[in-house]
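Q: Before we turn to particular features, could you show me the model that we will be reading together?

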Amino acid sequence: ADDGVTLDIETTDGPYSLKADWLIAADGTRSTVRRQMGLDTSGKVFQDRFLIADVVLHGEPFPLERTERRFWFAPKFHSGESALMHRQADNVWRIDFQLGWDADPEVEKRPENIKPRIDALLGGYAQYDHEWASDYTFACLRMPKFRYGRVLFAGDSAHGVSPFGARGANSGVQDAENLAWKLVMVHRGLAGDALLDSYCAEREYAADENILNSTRATDFITPKSDISRLFRDATLNLAKTHPFARTIVNSGRLSVPAVLRESPLNTADVDAFEGRMVPGAPAADAPVQLADGSRGWLLRQVGQGFTALVYGDGNHDAVVRQLS
């Protein structure tokens with residue numbers, strides 16, 4: 001409704017109703033809230049499947065300083081398809097095998113079919129225990145908008161990307177950080193309802209940026225046309241001996257915060273900004289010199305409210321009067 005949301009909730013102890021001023025729908029890729037509101041996501045589903053196999057390795061198959069993420073493009077041990085391996089906690093290593101669109105995931109997840117793949121990747125040098133297996137399909141999707149009246153969508157319910165570059169988890173955390181303070185200010189009457197629209201403008205833009213980068217990575221990892229494969233293979237061949245080509249290799253660019261240049265919270269600036277610290281850019285690592293001459297960090301100085309950063313030799317008292 002215009003003034004709130006009513007939820008009918010079913011539990012093992014019976015149903016009950018809950019009235020709330022706002023509802024944040026952060027209920028995942030298969031969002032129940034999204035479905036019950038008759039909403040959907042749109043985008044691209046890539047015709048490929050990957051197998052996930054988690055194994056606990058005994059001993060150290062690689063030197064500790066060499067436990068970085070590994071990616072193989074068309075390796076001989078995996079019939080020319082891609083493979084990925086990275087270390088997790090408790091000496092668990094996650095291995096992803098590209099299967100192809102025609103593979104049967106249920107068959108591929110059988111232990112007797114997973115073991116030969118892992119043995120081939122490790123070369124028979126490591127002892128391991130198979131812990132878990134699953135499968136996934138690449139998809140880059142998002143809702144047309146993240147706000148529908150009193151319902152705000154965040155995380156995987158609002159958008160989804162292929163699992164490369166840590167974009168899924170990071171974007172969900174960024175959604176929450178963006179939305180939480182705005183919703184608090186509106187709820188307390190410290191800001192108008194339009195502030196929540198800036199959440200949509202900023203995070204929809206960030207979702208599009210993530211989808212663009214994830215799509216590019218997916219196209220490089222699993223090329224679906226002769227031209228894409230030619231480009232990928234040429235890049236890999238050149239990368240063996242030419243440093244410039246190594247910057248083109250794309251096995252999933254790591255997630256970075258979006259620069260919200262077109263945010264409605266930005267005000268027009270007369271002078272151009274030099275460098276990366278433009279309005280809407282993340283300032284997490286900006287050093288400052290404090291009044292006592294010591295060094296600190298910008299975000300620790302700005303407090304919990306809106307902050308005016310004034311550049312140049314302007315009169316401090318005059319600026320304060322103008323802002324007031």
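Q: How many residues of the lining of the second largest pocket are nonpolar, how many polar and how many charged?
A: Let me say at the outset that this is a predicted model. The lining of the second largest pocket divides into 12 nonpolar, 10 polar and seven charged residues. The pocket itself has a volume of about 900 Å³, and of the 29 residues that line the second largest pocket, those closest to its centre are Tyr-136, Val-161, Ser-162, Pro-163 and Phe-164.

Q: Which helices and strands each supply at least two residues of that lining, that of the second largest pocket?
A: Strands S6 (83-87), S7 (92-98), S8 (127-142) and S11 (159-160) each supply at least two residues of the lining of the second largest pocket, and helix H4 does so too. S8 gives the most to this lining, with five residues.

Q: What volume does the largest pocket have, and which residues are closest to its centre?
A: The general idea is that rolling a probe the size of a water molecule over the atoms shows where empty space is left. In this structure, about 2300 Å³ of space lies in the largest pocket. Its lining is made by 47 residues, of which Asn-266, Gly-280, Ala-281, Thr-307 and Leu-309 are the closest to the centre.

Q: Which element gives the most to the lining of the largest pocket, and how do the residues of that lining divide by class?
A: Helix H4 gives the most to the lining of the largest pocket, with seven residues. H4 (167-187), helix H5 (194-221) and strand S12 (287-289) each supply at least two residues of it. By class, the residues of this lining comprise 29 nonpolar, 11 polar and seven charged.

Q: What is the order of the strands in the open sheet of six strands?
A: The general idea for a single strand is that, when it is regular, the side chains alternate between the two faces of the sheet. Here the order of the six strands is S5-S6-S7-S4-S8-S11, and the pairing is antiparallel. Strand S5 (70-72) and S11 are the edge strands, each pairing on one side only.

Q: How many bridges join S4 to S8, and over how many do S8 and S11 pair?
A: Strand S4 (residues 42-58) is joined to S8 by 14 bridges, and the two run antiparallel. Two of the partnerships can be followed by residue: Ile-52 has Ser-134 in S8 as its bridge partner, while Ser-42 has Arg-142 in S8. S8 and S11 also pair in the antiparallel sense, over two bridges, and there Arg-142 has His-159 in S11 as its bridge partner. Arg-142 is thus a residue to follow across the sheet, with Ser-42 as a partner and His-159 as a partner.

Q: Where does H5 lie with respect to the strands, and at what angle do the axes of H4 and H5 cross?
A: H5 lies across S4, S5, S7, S8 and S11, running at about 120 degrees to S8. The axes of H4 and H5 come within 9 Å and cross at roughly 175 degrees. An angle over 145 degrees counts as roughly antiparallel, so H4 is roughly antiparallel to H5. Where these helices meet, the residues of H4 include Arg-167, Asp-175, Trp-181 and Met-185, and those of H5 include Leu-195, Tyr-199, Glu-202 and Asn-213. By class, the contact of H4 with H5 has eight nonpolar, seven polar and five charged residues.

Q: How many residues lie between S1 and S2 in their hairpin, and what is the order of the open sheet of three strands?
A: There are six residues between S1 and S2 in the hairpin, and Gly-14 in the turn has a positive phi of about 115 degrees. Five bridges join strand S1 (residues 5-9) to strand S2 (residues 16-20), the two running antiparallel, and Ile-9 has Tyr-16 in S2 as its bridge partner. The open sheet of three strands has the order S3-S10-S9, with mixed pairing, and its edge strands are S3 (23-25) and S9 (147-148). S3 and strand S10 (residues 151-153) run parallel and are joined by three bridges; the bridge partner of Ala-25 in S10 is Phe-153.

Methods. Residues numbered from 1 in each chain as written. Predicted model: local features only at pLDDT ≥ 70, side-chain atom pairs only at ≥ 80, totals over all residues. Heavy atoms only, no water. 1 Å grid on protein atoms, 1.4 Å probe; cavity = no way out; pocket = protein on both sides within 12 Å on 5 of 7 lines; lining within 4 Å. Points joined across faces, edges and corners; volume = space filled by probe spheres on them. Helix = DSSP H or I, 4+ residues; strand = E, 2+ residues; numbered from the N terminus. Nonpolar A, V, L, I, M, F, W, Y, C, P; charged D, E, K, R; others polar. Pairing = 2+ DSSP bridges. Contact = heavy atoms within 4.5 Å. Axes fitted to C-alpha atoms, helices over the stretch in contact; angles between N-to-C directions. Parallel < 35°, antiparallel > 145°, perpendicular 65-115°, else oblique.
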